[in-house]
Amino acid sequence: MNNKLEQEKLAYFHRRSQYVVFDNDGYVQDSCQTLFTISSSVSLFDAIPFLEAMRDVFVQLEVGTDVSFLCIKTDLLGREGYFNFFVKRHEENKLTWFVYDLTEFYAYLQPWQQERNDQAIASEYLRLQQRANALEKELLQYRNDELQRIEQMKTVFFSQVSHEMRTPLNSIMGLAHLIEEQASPSLKASVEALKTTAQHLSSIVNDVLDWGKLENNTVEVDNKPFLIRPLVQNIIQSFQSGCQEKGVMLEVDMDEAVPDCLEGDATRISQILYNVLGNAVKFTHEGEVSLSVETIGVHKKNARFRFTIADTGIGMSEEEKKRIANPYAQANDQIHQRYGGTGLGLSIVQKLVERLNGTWTIESQPQQGTTVMIQLSFPVVEASKVETAPKPPAFQRIRKVLVAEDDLINQKVLRQLLVRWNIQPTLVENGKEALACLRQSRYDLLILDYQMPQMDGKAVLQALQQEKRAVPVIVLSGNADQVILPQREKETTLVLSKPILPTVLQEKMILLEKLIPASPIDLQYLHQITDSQPDLMIELMDTFVQQAPLAIQHIRSAWQQQDAKLLHQAVHKARPGFQYIGATTIEQQLDRLEACTQQPKQNEQFEEIIQALEKMTQGAINQIEEEREYLLRL
Amino acid sequence: MKISKKVILLGHYGVGKSSLTRRFVHRKFSEQYSTTIGVTIEKKVVQLEEHQVSMIVWDIAGESSHTKVPQSYKLGAHGIVYVIDLTRPETYQRLDKEIADLQNYLPNVPILVVGNKKDLFTEKELCDLLHQLPLSPYALSSAKTGDNVDAMFTELARRMV
């Protein structure tokens with residue numbers, strides 16, 4: 001490097017640097033004074049904060065050692081900027097301080113560093129925001145889950161309580177039915193009120209249970225052909241007297257274009273209409289309530305209908321309309337105080353309509369009235385497909401029924417119902433006793449409570465299956481959904497929800513009766529002629545038990561004597577006895593026997609008939625004896 | 001009696017070390033964030049009952065750990081203010097470890113931990129936040145309002161003399 005360049009370089013550094021020599025007390029011994037001017041009379045430790053701060057360190061610095069400080073922003077006696085400092089001890093009392101001004105360089109760097117830090121901080125905040133968002137989402141999800149859990153718990157709780165209510169309710173309703181028939185005229189009105197109250201309570205319990213099922217999506221839709229006009233008429237009919245009492249007009253308008261027969265779940269459709277119409281009637285005190293049904297479209301064999309239920313009742317505000325969409329909520333507190341109810345009706349309607357793939361809207365104005373429009377679609381079918389409800393006939397084959405039920409009131413209700421239907425009931429209180437009875441004697445039907453002490457219905461069903469006892473069973477349960485039936489017994493085992501209505505029990509028994517083989521006897525005629533008087537019936541039964549074997553013996557004797565006339569007389573004399581006990585199969589055998597007497601040399605066939613006759617007569621006697629025992633216990 | 005003390009401010013970048021220094025020394029505050037390069041040296045004299053303490057404040061550029069700070073900056077320090085930003089958990093997640101390291105590195109040097117930007121929280125939020133900090137700060141401060149700034153530096157001065 002030539003001299004000139006060397007000079008330029010030194011000049012460049014010279015302008016930007018200063019060299020200071022000072023002693024242990026900070027007094028300047030020498031300085032080039034390039035950047036700032038220092039007085040030798042002032043201690044640097046008092047004048048320059050950097051040195052003031054480092055005094056303890058520099059005073060103790062060992063000879064030959066140095067310390068460097070890069071990028072120090074400070075004020076050096078009026079010169080403010082960024083500096084690099086190098087401090088070195090040369091001698092015991094001599095320190096050098098080299099100051100290099102890098103203000104330009106560091107001032108240039110600062111924006112870069114600023115940008116880097118700004119970005120890093122922004123990223124931090126972004127991560128925080130993302131974390132906060134995730135936590136908020138998690139919290140919302142948790143709250144949602146919690147709300148759903150509480151809602152479900154509420155539904156389960158209400159359902160369980162309702163199930164528990166069903167058994168006593170069953171008893172109340174059953175007893176009311178029984179009392180009604182025997183009640184004196186003065187008591188009739190009270191019994192009627194009792195029935196209405198029980199019915200009302202039953203509808204509340206059913207609402208709660210239905211809501212539970214709808215919430216859990218366990219409501220099954222049973223689509224069958226049904227007649228829409230009678231269905232609507234029946235519903236209207238049920239509100240007729242209530243409207244008359246209130247002085248409210250109740251009108252129905254059925255579009256002529258509505259087909260007669262549709263395919264759908266008539267029970268659920270009725271439930272929807274009952275609920276909406278029930279509300280309309282409940283909240284209308286003057287004016288009218290109307291139900292109109294119209295066809296709004298037909299596509300192939302499917303028709304869409306609009307059911308419009310309009311009233312001139314108390315109506316609702318927009319806010320109240322929003323409230324009633326929530327289960328167990330009513331438009332306002334006064335409504336509950338004045339009208340009562342569970343607040344489930346419209347929620348059930350809403351869910352049921354959804355379940356039937358329909359839509360519904362509600363329009364309402366306070367003090368003007370409410371209009372509910374429901375649209376549902378159904379396939380149109382021929383009217384001939386509709387099953388008409390059979391009238392329950394008297395039981396032919398169910399004569400002896402074993403009832404296993406621990407509830408004393410239910411026992412009483414069932415006993416009276418069965419006795420009224422000319423059926424012998426045997427009552428036991430638990431599954432163990434039921435099995436013991438079934439092992440000892442024959443029953444045409446077992447009515448079995450599912451929940452009993454000692455041995456419950458489920459265990460009894462399992463035992464029956466193991467013992468291969470083919471007795472038909474009606475299982476009674478407060479919660480029919482929880483009843484588990486053995487697979488192979490499903491046809492001969494039916495489930496009945498409590499509370500038991502006599503008609504429903506009768507329908508189930510009719511279904512099961514078809515599965516029971518014909519009994520060798522039918523005491524209906526005996527009941528008729530004796531007016532069901534036990535003493536007289538027992539007397540006639542005793543006569544039969546004594547006479548029947550003798551009559552058969554006479555027949556055999558006549559045949560052995562090959563006396564056709566005597567044989568004819570013996571058959572003729574035996575016949576009325578069997579007629580009294582309704583032993584039609586024995587009568588048929590007697591007919592065959594008589595026919596044989598007209599034809600000579602039929603010995604083998606004759607022996608066969610007479611043996612069958614003896615066997616069947618013994619069967620009839622056995623059964624008569626069982627019936628007799630029952631009558632004796634009455 | 002006049003005593004000079006070197007005070008270093010440590011902590012992550014953007015926590016408000018420069019703002020606290022500016023508030024303490026010049027009674028000023030700016031919303032504008034300006035990154036510190038290297039170290040800025042400021043001086044303020046604090047009058048205690050028996051001493052006049054000349055506090056030479058070394059406002060050191062923020063780093064996530066003091067180990068990244070040049071050793072010469074920490075050399076001869078008489079007191080430390082460790083600043084965290086209450087709005088940024090990353091500035092205090094490793095606070096306990098950082099303070100333990102510092103105590104080990106500069107034994108017998110008083111350290112005050114300060115949670116800055118308290119003005120951005122309600123009292124209730126601050127209470128909740130305090131439970132989340134790895135260790136309790138000496139003070140919650142606000143360079144913006146000046147809350148606890150002088151008190152904190154004065155306390156440090158007391159501990160240094």
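In this predicted model, helices α16 (residues 534-560) and α17 (residues 564-580) of chain A come within 9 Å of each other, axis to axis, and cross at roughly 160 degrees. Angles over 145 degrees count as roughly antiparallel, so α16(A) is roughly antiparallel to α17(A). The crossing of this pair is left-handed. On the α16(A) side, the contact is built from A:Leu540, A:Phe544, A:Gln547, A:Ala548, A:Ala551, A:Ile552, A:His554, A:Ile555, A:Ala558 and A:Trp559. On the α17(A) side, A:Leu566, A:Leu567, A:Ala570, A:Val571, A:Lys573, A:Ala574, A:Gly577 and A:Tyr580 take part. Sorted by class, the residues in this contact come out as 14 nonpolar, 3 polar and 1 charged.

Another pair of helices in chain A is α7 (residues 266-282) and α10 (residues 345-355), whose axes lie 9 Å apart at an angle of about 145 degrees. Here, too, there is a left-handed crossing, with α7(A) passing α10(A). From α7(A), the residues in contact are A:Arg268, A:Gln271, A:Ile272, A:Asn275, A:Val276, A:Gly278 and A:Asn279, and they meet A:Gly345, A:Ile348, A:Val349, A:Leu352 and A:Val353 of α10(A). This contact has 6 nonpolar, 5 polar and 1 charged residues.

On to the strands of chain A. In a regular strand, side chains alternate between the two faces of the sheet. Strand β1 (residues 17-22) of chain A shows such an alternation: A:Gln18, A:Val20 and A:Phe22 point to one face and are buried, whereas A:Ser17, A:Tyr19 and A:Val21 point to the other and are not. Strands of a sheet pair through backbone hydrogen bonds, either parallel or antiparallel. For β1(A), pairing with strand β5 (residues 94-101) of chain A is antiparallel and runs over 6 bridges. Pairing of β1(A) with strand β2 (residues 28-31) of chain A is also antiparallel, over 3 bridges. A:Phe22 turns up in both pairings: its bridge partner in β5(A) is A:Leu95, and in β2(A) it stands opposite A:Val28. The hairpin of β1(A) and β2(A) has 5 residues between its strands, and there A:Gly26 takes a positive phi near 95 degrees.

Further along chain A, 5 strands make an open sheet with mixed pairing, in the order β7-β9-β10-β12-β11. At its edges sit β7 (249-254) and β11 (359-365), each of which pairs on one side only. With direction ignored, neighbouring strands in this sheet are turned by 15 degrees against each other on average. Starting from one edge, β7(A) runs parallel to strand β9 (residues 288-299) of chain A, and 6 bridges join the two. In this pairing, A:Met254 stands opposite A:Val293 in β9(A). Helix α6 (residues 228-246) of chain A lies across both β7 and β9, running at about 170 degrees to β7(A).

Chain B has 161 residues, of which 45% count as buried. Its 5 helices and 6 strands follow the pattern β-α-β-β-α-β-α-β-α-β-α along the sequence. Among contacts in chain B between residues at least 6 apart in sequence, 71% join residues at least 24 apart. For one contact that reaches back along the chain, take B:Gln52, which sits in strand β3 (residues 52-60) of chain B. B:Gln52 and B:Met1 are 51 residues apart in sequence, yet their C-alpha atoms are 5.8 Å apart in space. Neighbours within four places in sequence aside, B:Gln52 is in contact with B:Met1, B:Lys2, B:Val45 and B:Gln47. Is B:Gln52 buried, exposed or partly exposed? B:Gln52 has 14 other C-beta atoms within 10 Å, so it is partly exposed.

Finally, the two chains meet. The contact takes 21 residues from chain B and 25 residues from chain A. On the chain B side, β1 (2-10), β2 (39-47) and β3 each supply at least two residues, and β2(B) gives the most, with 4 residues. By class, this side of chain B has 8 nonpolar, 9 polar and 4 charged residues. Strand pairing crosses from chain to chain as well: strand β3 (residues 66-76) of chain A and β2(B) pair in the parallel sense over 2 bridges. In that pairing, the bridge partner of A:Ile72 is B:Val39.

Note on methods: Residues numbered from 1 in each chain as written. Chains lettered and ligands numbered in written order. Predicted model: local features only at pLDDT ≥ 70, side-chain atom pairs only at ≥ 80, totals over all residues. Axes fitted to C-alpha atoms, helices over the stretch in contact; angles between N-to-C directions. Left-handed = near helix turned anticlockwise from the far one by under 90°. Contact = placed C-beta atoms within 7 Å. Nonpolar A, V, L, I, M, F, W, Y, C, P; charged D, E, K, R; others polar. Buried ≥ 20, exposed ≤ 12 C-beta atoms within 10 Å, placed from the backbone. Parallel < 35°, antiparallel > 145°, perpendicular 65-115°, else oblique. Pairing = 2+ DSSP bridges.
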